[in-house]
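Let's take a friendly walk through this structure, from a useful word or two to the whole chain and then to single residues. Please keep the picture at hand as you read.

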Amino acid sequence: GNRPAFDLMAARLRALGHEVVNPWEMNVLPDDTSWGTYLARDVKLIADDGIEGIVCLSDWERSKGARLETFVAYLHNLPVYRYRLFFAEHTLHEINVNRLVRAWRDGE
C-alpha cells in the first residue's frame with residue numbers, strides 16, 4: 001500500500017475538521033495478511049453504518065481495491081470525493097458518477 005499518501009491525506013482532512021478513518025491506522029494485521037482480507041475489512045467498513053463518504057487518493061482509478069471501494073460506496077449512496085488544493089484552498093469535490101463508471105469499467 002501507499003501508507004505515506006494515506007497518512008498525508010488523513011492529516012489534511014483532519015486539519016479541515018473531518019473525522020477520518022485511515023485504513024493504515026485501523027487494527028494492525030499480520031504481515032502475511034492477504035489482500036482479500038484487507039479489502040474485505042475495508043468494504044465492510046464502508047457498507048456498515050457510520051461512514052459518511054470516502055475520499056480517493058490521486059490515481060485511485062489504477063487500484064482494484066479503490067475501484068471496488070468506490071463501487072460499494074456508490075451502492076450505499078455515499079459520496080465519493082477527491083481532494084484538491086487550488087490556489088491555497090483545500091477542498092473536497094464529489095466525483096461525478098460518470099467518472100466513477102468509467103473507472104469501474106475501464107480500470108484506467
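Before we start, one definition will help: a residue counts as buried when its relative accessible area is under 20%, as exposed when that area is over 50%, and as partly exposed in between. Keep in mind, too, that what you see is a predicted model.

With those words ready, try them on Asp 59, which sits in the loop between S1 and H3. Its relative accessibility is 44%, so Asp 59 counts as partly exposed. A second loop residue, Asn 77, lies between H3 and strand S2 (80-86). Asn 77 has a relative accessibility of 72% and therefore counts as exposed. There is something else to notice about this pair. Most residues other than glycine have a negative phi. Asp 59, however, has a positive phi of about 65° without being a glycine, and Asn 77, which is not a glycine either, has a positive phi of about 60°.

Now step back to the whole chain. How many helices and strands does the chain have? There are 4 helices and 3 strands, and, read from the N terminus, they follow the order α-α-β-α-β-β-α. The radius of gyration is 14 Å, close to the 13 Å that the globule rule gives for 108 residues, so the chain is as compact as a globular protein of that length. Along the principal axes, the C-alpha atoms fill a box of roughly 45 × 30 × 25 Å. Of the contacts between residues at least 6 apart in sequence, 50% join residues that are at least 24 apart.

What about inside and outside? Buried residues account for 30% of the 108 residues. The chain exposes about 7400 Å², and carbon and sulfur atoms supply 53% of that area.

Let's look inside. The largest nonpolar core holds 13 residues, and those with the most contacts within it are Ile 46, Ile 54, Trp 60, Ala 73, Val 80 and Ile 95. Strand S1 (54-56), H3 and H4 each supply at least two residues of this core, with H3 giving the largest share, 3 residues. To see how one member is placed, find Ala 73: leaving aside neighbours within four places in sequence, Ala 73 is in contact with Ile 46, Ile 54, Leu 78 and Val 80. Apart from this core lies another one, of 6 residues, including Leu 13, Val 20, Leu 57 and Tyr 83.

Helix H3 deserves a second look. Is Thr 70, one of its residues, buried or exposed? Thr 70 has a relative accessible area of 1%, so it is buried. Not counting residues up to four places away in sequence, Thr 70 touches Ile 54, Cys 56, Trp 60, Val 80, Leu 100 and Trp 104.

Finally, come out to the surface. Here Leu 68, Phe 71, Tyr 74, Leu 75, Val 97 and Val 101 form a nonpolar patch, with about 480 Å² of accessible area together. The elements that give two or more residues to this patch are helix H3 (64-75) and helix H4 (97-106). H3 gives the most, with 4 residues; Leu 75 is in this helix. So as you turn the model, you can find H3 contributing both to the largest nonpolar core and to the nonpolar patch on the surface.

Conventions
Residues are numbered from 1 along each chain as its sequence is written. This is a predicted model: local features need pLDDT of at least 70, side-chain atom pairs count only at pLDDT 80 or more; totals for chains, interfaces and linings use all residues. Side-chain values use heavy atoms; hydrogens and water are left out. Patches are made of residues with over 30% relative accessible area and no salt bridge: like charges are joined within 9 Å, nonpolar side chains (Val, Leu, Ile, Met, Phe, Trp, Tyr) within 5 Å. Accessible areas come from the Shrake-Rupley method with a 1.4 Å probe; for residues, only the protein chains shown count as cover. A salt bridge is a side-chain nitrogen of Lys or Arg within 4 Å of a carboxyl oxygen of Asp or Glu. The radius of gyration is taken over C-alpha atoms; the globule rule is 2.2 Å times the number of residues to the power 0.38. Buried means under 20% relative accessible area, exposed over 50%, partly exposed in between (1.4 Å probe, protein chains only). Contact means heavy atoms within 4.5 Å. A nonpolar core is a set of buried Ala, Val, Leu, Ile, Met, Phe, Trp, Tyr and Cys residues joined through side-chain atoms within 4.5 Å.
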